[in-house]
2 protein chains.
Amino acid sequence: MSYSIGQVAEKLDISPYTLRYYDKEGLLPFVDRNEAGRRQFKDNDFNFLEVIVCLKEAGVPVKQIGHFIDLCMAGDTTLQTRYDFLADHEQQLMAKMARLQHTLDFLRWKKWYYKTALLAGTERIHYLPGTNHVNPAVRQKFERLVADGASPEELGRLV
Amino acid sequence: MSYSIGQVAEKLDISPYTLRYYDKEGLLPFVDRNEAGRRQFKDNDFNFLEVIVCLKEAGVPVKQIGHFIDLCMAGDTTLQTRYDFLADHEQQLMAKMARLQHTLDFLRWKKWYYKTALLAGTERIHYLPGTNHVNPAVRQKFERLVADGASPEELGRLV
DNA sequence: ATAAAATCTAGAGTTAACTCTAAGTCAAGT
DNA sequence: ACTTGACTTAGAGTTAACTCTAGATTTTAT
């Protein structure tokens, strides 16, 4: 079974332009061509394509993905290097997810801030008296509520 | 207490160039200037800066962050809009984290693939006999191990 | 007092990752 | 046979988010 660039693009939900760009950047050395020079993807190619999509999603730059594909084409002598590459990006991805969890927590604290302001009808309830400056104690109050067992997502939910 | 652009840059671990760029894009309308025209950040400004950094980390484009800051400057009539904005990006961030978890799982399956290949000394153990194509059953074997209680991170770990 | 470091603006340059255009070839349907 | 649409390449254009340069001014340190 073989697939045109358009069919692959549809399956992966990326444009044919992007696939050609990846090819230009050396990410698709495994793709066959027919007599007329058109790309003919085969089933096994999706194993590579899945890796490319995965690394993209993980935030790995195209150049580095190209490097990994080079290692794949080089054969068994690069198995350890490939493992190390993936292990490295696994660590980076875990670190990123931890950062995003903090970001999410912050977003929820701000939601709580606006929820309580909305209920009061004004943001002034969070200000130090006579100023437009947020009272630092407000943040601490939120942290206390979380420490006392309330989940940030619960606290941030309005209705 | 007030802070120069350099001091703020250091605290937030971004360059003064970037801060000036944010200002140019309308993200810092709250910053005061001294007699000579230099930026003078005050303690309360860090409440805004924290939000900017948070939204950046969440992947929100600079233009949209500028829109949010505009809402902040507009006063209490925009409280609901601001809440909705944060709730929207909370959802987007959760969706992204779910995608990243899948990406991480895929990365770990590939680590297991290379780990087992390394132990065998060759990637051929994963190929269909007489081909260079990966046996689809290999992926299923990994999934079965995970279903039987092994964690993907355990399976992917070498040594 | 003076040198060095930090800041200012306007605007140019950079980079990554697409995204598209042009001009041509090939394939599928009527 | 012919039209329509998918594909090819080379190369230009776009966009976002910085990142830097130049030339002037201000602040800090000796």
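Which element gives the largest share of the surface near DNA strand C? Keep that in mind as you start the tour. What you have open is a predicted model.

**Stop 1: DNA strand C**

Select DNA strand C and show the protein around it. You should find 19 residues surrounding this strand, and the closest are A:Y22, B:S4, B:G6, B:R20 and B:R39. Now colour by element of structure to settle the opening question: α2(A) provides the largest share of the surface near DNA strand C, with four residues.

Next, pick out some individual contacts from chain A. Start with A:Y22, where a polar side-chain atom sits 2.8 Å from a phosphate oxygen of DNA strand C. Move on to A:K56, which has a polar side-chain atom 2.9 Å from a phosphate oxygen of DNA strand C. Then select A:R38; here the partner is a base oxygen of DNA strand C, 3.0 Å from a polar side-chain atom of the arginine. Two or more residues of the surface near DNA strand C come from each of these elements: α2 of chain A, and α1 (5-12) and α2 of chain B.

Before leaving, try colouring the strand by sugar, phosphate and base. Sugar or phosphate supplies 66% of the atoms of DNA strand C within 4 Å of the protein, and bases supply the rest. Colouring the protein side by class gives seven nonpolar, five polar and seven charged residues in the surface near DNA strand C.

**Stop 2: DNA strand D**

Now select DNA strand D. Around this strand are 19 residues, of which A:S4, A:R38, A:R39, B:Y22 and B:K56 come nearest. Of the atoms of DNA strand D that come within 4 Å of the protein, 65% are accounted for by sugar and phosphate.

Three side chains are worth a click here. A:S4 places a polar side-chain atom 2.8 Å from a phosphate oxygen of DNA strand D. For A:R33, an N or O atom of the side chain is 3.0 Å from a phosphate oxygen of DNA strand D. From the other chain, B:N34 has a polar side-chain atom 3.4 Å from a phosphate oxygen of DNA strand D.

Which element contributes the largest share of the surface near DNA strand D? Highlight α2(B), which provides four residues. At least two residues each come from α1 (5-12) and α2 (16-24) of chain A and from α2 (16-24) of chain B. By class, the surface near DNA strand D holds seven nonpolar, five polar and seven charged residues.

**Stop 3: the two protein chains**

Hide the DNA and look at chains A and B. A turn of 180° with a shift of 0.0 Å along the axis lays chain A on chain B with an RMSD of 0.0 Å. The two copies are thus related as by a two-fold rotation axis. To find that axis from chain A, select A:M97, whose C-alpha is the nearest to the axis in that chain, at 3.4 Å.

**Stop 4: where the chains meet**

Select the residues in contact between the chains: 49 come from chain A and 49 from chain B. Since 100% of the interface residues of chain A are also interface residues in chain B, the copies meet through the same surface. About 4400 Å² is buried between chain A and chain B, and carbon and sulfur atoms give 67% of this area.

Switch on polar contacts, and 16 residue pairs appear between chain A and chain B. On the side of chain A that touches chain B, α3 (45-57), α4 (62-74) and α5 (79-120) each give two or more residues. The most come from α5(A), with 26 residues. That side of chain A divides into 22 nonpolar, 11 polar and 16 charged residues.

**Stop 5: salt bridges**

Side chains of opposite charge can pair when their charged atoms come close. How many salt bridges are found over all chains? A search of the whole structure gives 20, and the count between chain A and chain B is 10.

Zoom in on B:K111 and A:E90, whose side chains form a salt bridge with N to O at 2.5 Å. For the last stop, select A:R82 and B:E123, a salt bridge with its closest N and O atoms 3.0 Å apart. This pair crosses between chains: A:R82 lies in helix α5 of chain A, and B:E123 lies in the loop between α5 (79-120) and α6 (136-147) of chain B.

Notes: Residues are numbered from 1 along each chain as its sequence is written. Chains are lettered from A and ligands numbered from 1 in the order in which they are written. This is a predicted model: local features need pLDDT of at least 70, side-chain atom pairs count only at pLDDT 80 or more; totals for chains, interfaces and linings use all residues. Side-chain values use heavy atoms; hydrogens and water are left out. A residue is near a molecule or strand if one of its heavy atoms lies within 4 Å of it. A polar contact is a pair of N or O atoms within 3.5 Å; within protein, one must be able to donate a hydrogen and the other to accept it, and residues adjacent in sequence count only if both atoms are side-chain atoms. Ala, Val, Leu, Ile, Met, Phe, Trp, Tyr, Cys and Pro count as nonpolar, Asp, Glu, Lys and Arg as charged, and the others, Gly among them, as polar. Copies are superposed by least squares on the C-alpha atoms of residues with pLDDT of at least 70 in both. Contact means heavy atoms within 4.5 Å. Buried area is the accessible area (1.4 Å probe) that two parts lose on being put together, summed over both. A salt bridge is a side-chain nitrogen of Lys or Arg within 4 Å of a carboxyl oxygen of Asp or Glu.
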